[in-house]
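Here's a quick briefing to read alongside the model. Have the sequence and the 3D view open as you go.

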Amino acid sequence: QVQLVESGGGLVQAGGSLRLSCVASGRTFGSYAMGWFRQAPGKEREFVAAISRSDSNTYNADSVKGRFTISRDNAKNTVYLQMNSLKPEDTAVYYCAARRLSYVSTDYYTSAAEYDYWGQGTQVTVSS
């Protein structure tokens with residue numbers, strides 16, 4: 001089992017940047033495909049970005065392509081979400097998620113149902 005702790009959220013003006021971090025417990029972080037999701041008030045949780053366990057493959061939702069970048073540092077048990085050119089519609093609670101894989105894989109996952117573990121979330125607020 002893995003525990004995930006997000007940080008880096010906050011209040012930022014439109015056009016600004018933030019970098020979210022998600023630190024995982026345990027010694028098997030490299031066995032997990034990771035993802036970022038977000039949930040705005042009154043809306044369903046939506047996919048933002050995903051990265052394979054080997055970090056060779058990444059995928060972003062259309063709404064954040066060209067602005068957000070997901071990356072990981074397996075030596076630090078951490079996955080990042082660099083968010084640039086933020087817009088008010090990016091305001092949400094951001095969650096990181098992990099999917100345990102028992103085999104070497106370059107797959108990434110875009111559905112919340114495909115993830116096994118979730119962090120508690122970090123609030124991102126973008127003012128206009």
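**Salt bridges and charged residues**

D62 sits out in the open: its relative accessible area is 62%, so it counts as exposed. Keep in mind that this is a predicted model. With that said, here are the charged pairs, then the disulfide, the core, and a buried glutamate.

**Charge pairs**

- D62 has a partner in K65, and their side chains meet in a salt bridge with N to O at 3.1 Å.
- K65 is partly exposed, because its relative accessible area is 42%.
- The count of salt bridges comes to four.
- Another of them pairs R67 with D90, at 2.7 Å from N to O. This one ties together distant parts of the chain, 23 residues apart: R67 is in the loop between β6 (58-60) and β7, while D90 is in the loop between β8 and β9.
- R38, E46, R67 and D90 all belong to one network, joined by salt bridges that share partners.
- Are R67 and D90 buried or exposed? R67 has 10% relative accessibility, so it counts as buried, and D90, at 1%, is buried too.
- Elsewhere in that network, E46 bridges to R38, with the closest N and O atoms 2.6 Å apart.
- The two ends of that bridge sit in unlike surroundings: R38 has a relative accessible area of 5%, so it is buried, whereas E46 is at 34% and therefore partly exposed.

**The disulfide**

- You'll find one disulfide here. It runs from C22 to C96, with the sulfurs 1.9 Å apart.
- The bond connects distant parts of the chain, since C22 is in strand β3 and C96 is in strand β9, 74 residues apart.
- Both C22 and C96 are buried.

**The nonpolar core**

- The largest nonpolar core has 37 residues, and the members touching the most others are M34, W36, L81, M83 and Y94.
- Several strands feed at least two residues each into this core: β3 (18-24), β4 (32-39), β5 (46-51), β7 (68-73), β8 (78-83), β9 (92-100) and β11 (122-127).
- In soluble globular proteins, nonpolar side chains do tend to be buried together.
- L81 gives a good look at the packing: setting aside neighbours within four places in sequence, its contacts include W36, V48, F68, I70 and Y94. L81 also touches L18, R19 and L20.

**A buried glutamate and its neighbour T122**

- E6 belongs to strand β1 (residues 4-7).
- What does a buried E6 have for a charge partner? E6 has no salt bridge, and the nearest side chain of opposite charge, R45, is 7.6 Å away.
- Backbone groups are within reach of E6 instead: its side chain comes to 2.8 Å from the backbone nitrogen of C96, and a polar atom of that side chain lies 3.0 Å from the backbone nitrogen of Q120.
- Beyond its neighbours within four places in sequence, E6 is in contact with residues including C22, W36, Y94, C96, G119, Q120 and T122. That list takes in both cysteines of the disulfide.
- T122 lies in strand β11. With a relative accessible area of 10%, T122 is buried because the cut-off is under 20%.
- A polar atom of the T122 side chain is 3.2 Å from the backbone nitrogen of G9.
- Not counting residues up to four places away in sequence, T122 touches E6, S7, G8 and G9, and its contacts also include L20, A92, V93 and Y94.

Methods: Residues numbered from 1 in each chain as written. Predicted model: local features only at pLDDT ≥ 70, side-chain atom pairs only at ≥ 80, totals over all residues. Heavy atoms only, no water. Core = buried A, V, L, I, M, F, W, Y, C linked by side-chain atoms within 4.5 Å. Buried < 20%, exposed > 50% of the residue type's maximum accessible area, 1.4 Å probe, protein only. Helix = DSSP H or I, 4+ residues; strand = E, 2+ residues; numbered from the N terminus. Contact = heavy atoms within 4.5 Å. Disulfide = S-S within 2.5 Å. Lys, Arg positive; Asp, Glu negative; His and termini not counted. Polar contact = N/O pair within 3.5 Å; in protein donor to acceptor, adjacent residues only side chain to side chain.
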